[in-house]
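Q: I should like to take a close look at one part of this structure, and then to see how that part sits within the whole. Please explain it in connected prose for a first-year student.

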Amino acid sequence: MSPTWRGPILFAVMAAVLTGVGMTQSWSVALGIVNLCLISSIMALGVNIQWGYAGLFNVGTVGFAAVGGVAAVLVSAQPVREAWATGGAGLFLAFLAVAATVVAILLIRARIGRGRKRNLAVAAAALIGYFLARLAFDPAVDRIEAIDPALSGYLGGLGLPIVLAWPIGGLMAAGVAWLIGKVALGLRSDYLAIATLGISEIIVFIAKNEDWLTRGVKNVTGLPRPVPYEIDLQQADWFVARAASFGLDPMEASSIFVKLAYAGLFAVVLLALLWLSERALNSPWGRMMRAIRDNEEAAEAMGKDVTRRRLHAFVIGSAVCGIGGAMLTTLDGQFTPGTYNPLRFTFLIWVMVIVGGSGNNWGSVLGGFLIWFVWVEAEPVGRWLMDVLTSGMGEDNALRTHLLDSAAYMRMVLMGLILLLALRFSPKGLLPEKMRIGHRA
């Protein structure tokens with residue numbers, strides 16, 4: 001297949017497959033898959049910026065997605081005024097204690113020369129600051145979490161439109177990535193992977209256990225939506241009349257309408273990020289990043305600050321993953337920290353990038369659509385396949401029962417099989433990175 005036409009043909013095939021799902025199952029199911037494909041593609045773009053541009057092996061994508069989810073809560077949830085009244089002052093005092101500790105440590109480092117005396121002073125300041133902060137923090141948290149824990153027990157958010165959480169989630173993820181990058185980007189790639197994996201688990205652990213901030217595993221439900229509610233549409237005369245003109249039931253039509261609205265919003269964000277990613281990839285910055293990725297020593301010899309440039313890619317890619325995390329929480333309408341697991345938010349995203357084509361933004365988008373579609377459809381297709389293969393056996397046959405019960409694991413088998421086939425027959429992905437004359441041999 002000609003490289004020029006490979007991309008359009010593969011995207012057309014993907015569109016045809018999704019259309020087939022709409023025609024054979026339901027358009028609501030097809031649009032539900034499309035929405036998650038769009039969000040998955042955004043996260044794959046973020047990983048591609050880190051790996052495809054700069055060769056950074058970040059296996060902490062789940063942590064940045066969780067930061068985006070926390071941003072959705074902090075921005076859009078209604079504030080719990082009673083919690084602020086009873087615990088806000090304590091949290092503010094704890095924040096002042098932390099800030100004063102940081103200032104004290106900076107002053108000590110500025111005024112005392114290197115040596116044992118300075119180390120002891122820094123350690124003493126940190127220890128005193130820690131106990132002072134906990135002295136104000138712990139009682140405040142206890143009071144906040146005691147306020148109607150079945151319904152709230154946390155501070156809530158700002159009550160702003162949830163769409164604002166998308167850029168704010170990106171900024172929060174970028175801030176976390178900057179802190180991680182300042183510490184870990186000087187490490188070798190395998191150590192960077194270990195560091196990002198460990199820190200992402202810490203982020204998820206905090207989201208699960210700091211009830212005063214995120215309600216923990218009790219979840220934050222009922223987050224506002226940027227699109228109409230189905231029940232409101234079903235009670236609107238204009239919508240019922242329009243659905244009838246298309247021969248649709250109002251309930252089915254409202255579900256399709258809401259999913260279409262989400263798809264429109266997500267598609268706008270994906271196209272904007274894709275355009276920016278392509279501009280960055282083809283800019284002097286993008287060429288410099290690829291030069292660093294391909295030959296770090298040569299780039300360093302040319303005077304490039306390798307660690308600093310990698311920090312740029314790490315922060316930008318993590319911000320994109322944070323945006324995707326905030327969008328996913330928006331689509332769910334709730335924040336459920338228990339669902340953030342590395343299989344869904346790290347392994348799958350990496351498979352999308354590898355199968356689609358690392359270093360190629362369009363490949364990441366294609367991989368996002370393809371892999372998520374297979375992930376969703378593998379279970380029902382696997383159950384159907386097992387049912388056909390065992391149709392000659394009795395209903396109570398032990399082997400048939402076992403195979404049907406195991407159909408849910410078909411998605412794991414398929415993911416591994418796809419990854420193996422991609423690495424064997426198309427190691428550069430379905431849409432390989434475009435080679436540039438004079439850049440790579």
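How much space lies in the largest pocket?

A: The model under discussion is predicted, and every value below is computed from it. In this model, about 400 Å³ of space lies in the largest pocket.

The lining of this pocket consists of 13 residues, and those closest to the centre of the pocket are Val67, Val176, Ile203, Ile206 and Leu213. Four helices give two or more residues each to this lining: α3, which covers residues 61–76, α6 (165–184), α7 (189–209) and α8 (211–214). The greatest contribution to the pocket lining comes from α7, with 5 residues. As for chemical character, the lining of the largest pocket divides into 11 nonpolar residues, 1 polar residue and 1 charged residue.

Helices α3 and α7 also take part in a second space. The structure holds 1 cavity of 30 Å³ or more, and the volume of the largest cavity is about 30 Å³. The residues that line the largest cavity are Asn58, Gly60, Gly63, Phe64, Ile180, Thr196, Ile199, Ser200 and Ile203. Ile203 therefore deserves particular notice, because a residue counts as lining a space when an atom of that residue lies within 4 Å of a point of the space. Ile203 is found in the lining of the cavity, and Ile203 is also listed among the residues closest to the centre of the largest pocket. Both α3 and α7 supply at least two residues of the cavity lining, and α7 again gives the most, here with 4 residues. The character of the cavity lining may be set beside that of the pocket: the cavity has 4 nonpolar residues, 5 polar residues and no charged residues, whereas the pocket has 11 nonpolar, 1 polar and 1 charged.

Helix α3 may next be examined through one of its residues. Threonine 61 lies in this helix. Threonine 61 counts as buried because its relative accessibility is 0%, and the limit for a buried residue is under 20%. When neighbours within four places in sequence are left aside, threonine 61 is in contact with Val47, Cys321, Phe345, Thr346 and Trp350.

Helix α8, another contributor to the pocket lining, leads to a salt bridge. The side chains of aspartate 211 and lysine 218 meet in such a bridge, with a distance of 3.6 Å from N to O. Aspartate 211 counts as buried because its relative accessibility is 17%. Lysine 218, by contrast, is partly exposed, because its relative accessible area is 35%. Asparagine 219 is found in the loop between α8 and α9 (230–234). The phi of asparagine 219 is near 70 degrees, a positive value in a residue other than glycine. Most residues other than glycine have a negative phi.

Aspartate 148 provides another example of a positive phi, at about 40 degrees, although this residue is not a glycine. Aspartate 148 lies in the loop between α5 (116–145) and α6. Aspartate 148 is described as partly exposed because its relative accessible area is 41%.

The wider setting of the pocket can now be described. The domain assignment of the chain gives domain 1, made of residues 5–79 and 156–425, and domain 2, made of residues 80–155. The centres of domain 1 and domain 2, taken over C-alpha atoms, are separated by 35 Å. Domain 1 gives 13 residues to the contact between the two, and domain 2 gives 15 residues.

Finally, the salt bridge of aspartate 211 may be placed among the others. A search of the whole structure finds 7 salt bridges. One of these joins the side chains of arginine 293 and aspartate 294, at 2.9 Å from N to O. Arginine 293 also forms a salt bridge with glutamate 433, where the closest N and O atoms are 3.2 Å apart. This second pair links distant parts of the chain, 140 residues apart: arginine 293 is in helix α12 (residues 284–294), and glutamate 433 is in the segment after α18 (410–425). Through the salt bridges that share partners, Arg293, Asp294 and Glu433 are joined into one network. Within this network, aspartate 294 is partly exposed because its relative accessible area is 36%, while glutamate 433 counts as buried because its relative accessibility is 11%.

Technical notes: Residues numbered from 1 in each chain as written. Predicted model: local features only at pLDDT ≥ 70, side-chain atom pairs only at ≥ 80, totals over all residues. Heavy atoms only, no water. Salt bridge = Lys/Arg side-chain N within 4 Å of Asp/Glu carboxyl O. Buried < 20%, exposed > 50% of the residue type's maximum accessible area, 1.4 Å probe, protein only. 1 Å grid on protein atoms, 1.4 Å probe; cavity = no way out; pocket = protein on both sides within 12 Å on 5 of 7 lines; lining within 4 Å. Points joined across faces, edges and corners; volume = space filled by probe spheres on them. Nonpolar A, V, L, I, M, F, W, Y, C, P; charged D, E, K, R; others polar. Domains from an automatic or database assignment. Contact = heavy atoms within 4.5 Å.
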